[in-house]
Amino acid sequence: MNIKTKAIVISSLKYQEKSLIVTCFTQSDGLKSYFVRDAFSSRKSNQKIAYFQPLSILEIEAIHKNKGTLENFKEIKIASPFHSIHTDVVKSTIVMFISEILHHSIHEEEKNEHFFAFLETSLLWLDNHDEVANFHLILLLETTKYLGFYPDNSDSDSKFFEMIEGVFTPFHAVSSLSEHETHLLKRLMNLKFDSDQKIFASVERQILLKILIDYYTLHLDGFRKPKSLDVLKEVFA
């Protein structure tokens with residue numbers, strides 16, 4: 001089937017000397033993996049390696065056989081060129097981290113246009129703003145809405161957040177956050193990308209990052225801590 005769609009690059013893996021296996025989250029079909037022959041060859045001008053940087057937003061034409069095998073691109077172009085993400089050290093580190101999170105989080109080959117729109121809008125916001133210290137925390141928390149385990153805030157006046165059930169409770173259990181950690185999580189849940197980026201101190205961001213990584217680990221089978229996590233911590237130290 002011939003498909004024209006937007007796609008966000010989740011990961012790319014070098015195959016043999018000149019080829020790539022590229023995994024994208026597509027607007028039309030959810031997660032798809034593509035084989036890019038001779039990606040490192042200048043002869044393939046329409047399949048430049050630069051297209052496949054983490055979280056690049058592409059417009060693609062592809063052949064989807066939908067047989068569980070690697071698909072093939074016919075045409076590729078950048079849908080929304082980034083102006084700062086790949087040149088700003090902080091933003092490029094954030095993007096590397098988020099791409100790893102998504103790589104270990106999105107497993108279903110099914111269309112999710114609302115999730116795609118959220119990711120696209122978020123990346124464009126990141127590219128166009130300078131104050132981005134809380135961006136990765138907000139994005140990780142908001143992403144849980146689309147993955148199915150956003151915290152249930154129906155009892156958000158309670159002092160503790162229980163991680164396994166994802167609920168606020170008046171009692172502290174073994175799998176609960178402390179009262180201070182729960183307070184930080186509640187504050188994060190009220191933030192938007194445009195909120196004051198100085199609302200958290202550096203140490204509070206580190207606490208929230210650990211909470212979110214632990215929360216993903218509890219709720220997603222096979223989730224692994226991103227290799228870029230330590231780099232991200234250094235950037236925001």
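**Helix H3 and its surroundings in the predicted model**

Just after helix H3, Gly148 adopts a positive phi of about 100 degrees. The model in which this backbone geometry occurs is a predicted one, and the helix that precedes Gly148 is described here before the overall fold and a number of individual positions.

Helix H3 covers residues 135–147, and its end C-alpha atoms lie 18 Å apart, in agreement with the 18 Å that its 13 residues should span at 1.5 Å a residue. Of these 13 residues, 10 are buried, so H3 is largely enclosed by the rest of the structure. The buried set consists of Phe135, His136, Leu137, Ile138, Leu139, Leu140, Leu141, Glu142, Thr143 and Thr144. An α-helix has 3.6 residues a turn, so residues three or four places apart point the same way. The cover over the buried residues of H3 includes helix H1 (89–103), helix H2 (113–128), helix H4 (179–189), helix H5 (202–219) and helix H6 (229–235).

Helix H5, which is part of that cover, has 18 residues and reaches 26 Å from its first C-alpha to its last, close to the 26 Å expected at 1.5 Å a residue. Its buried residues are Glu204, Arg205, Leu208, Leu209, Ile211, Leu212, Ile213, Tyr215 and Tyr216. These residues of H5 are covered by elements that include H1, H3, H4 and H6, together with strand S6 (160–162).

The protein as a whole comprises 6 helices and 7 strands, arranged from the N terminus on in the order β-β-β-β-β-α-α-α-β-β-α-α-α. Its radius of gyration is 19 Å, close to the 18 Å that the globule rule gives for 237 residues, so the protein is as compact as a globular protein of that length. Taken along the principal axes, the box filled by the C-alpha atoms is roughly 60 × 35 × 30 Å. Of the 237 residues, 48% count as buried, and among contacts between residues at least 6 apart in sequence, 58% join residues at least 24 apart. The exposed area of the protein amounts to about 12,200 Å², of which carbon and sulfur atoms supply 51%. With regard to charge, there are 27 positive and 32 negative side chains, and the centres of the two sets lie 8 Å apart.

Strand S1 (residues 2–15) contains Ile8, which counts as buried because its relative accessibility, at 1%, is under 20%. Leaving aside neighbours within four places in sequence, Ile8 is in contact with Thr23, Cys24, Phe25, Leu55, Ser56, Ile57, Phe116, Leu119, Glu120 and Leu123. The last of these residues, Leu123, is 115 residues away from Ile8 along the chain, and the C-alpha atoms of the pair are separated by 9.9 Å. Leu55, another contact of Ile8, is placed in the loop between strand S3 (30–36) and S4. Although Leu55 is not a glycine, it has a positive phi of about 65 degrees, and at 1% relative accessibility it counts as buried.

Tyr15 also belongs to strand S1, but with a relative accessible area of 38% this residue is partly exposed. Not counting residues up to four places away in sequence, Tyr15 touches Leu20, Ile21 and Phe35. The C-alpha atoms of Tyr15 and Asp38, which are 23 residues apart along the chain, are separated by 9.6 Å.

Ile63 is found in strand S4 (residues 57–63) and, at 35% relative accessibility, counts as partly exposed. When residues up to four places away in sequence are not counted, Ile63 touches Met1, Asn2, Glu71, Asn72 and Lys74. For Asn2, which is 61 residues from Ile63 along the chain, the separation between the two C-alpha atoms is 4.7 Å.

In the loop between H3 and S6 lies Ser154, which counts as exposed because its relative accessibility of 65% is over 50%. Ser154 and Phe168 are 14 residues apart in sequence, and their C-alpha atoms are 7.9 Å apart in space.

Note on methods. Residues are numbered from 1 along each chain as its sequence is written. This is a predicted model: local features need pLDDT of at least 70, side-chain atom pairs count only at pLDDT 80 or more; totals for chains, interfaces and linings use all residues. Side-chain values use heavy atoms; hydrogens and water are left out. Helices (H or I, at least four residues) and strands (E, at least two) are DSSP runs, numbered from the N terminus. The expected span of a helix is 1.5 Å times one less than its number of residues. Buried means under 20% relative accessible area, exposed over 50%, partly exposed in between (1.4 Å probe, protein chains only). Contact means heavy atoms within 4.5 Å. The radius of gyration is taken over C-alpha atoms; the globule rule is 2.2 Å times the number of residues to the power 0.38. Accessible areas come from the Shrake-Rupley method with a 1.4 Å probe; for residues, only the protein chains shown count as cover. Lys and Arg count as positive and Asp and Glu as negative; His and the chain ends are not counted. The place of a charge is taken as NZ of Lys, CZ of Arg, CG of Asp or CD of Glu.
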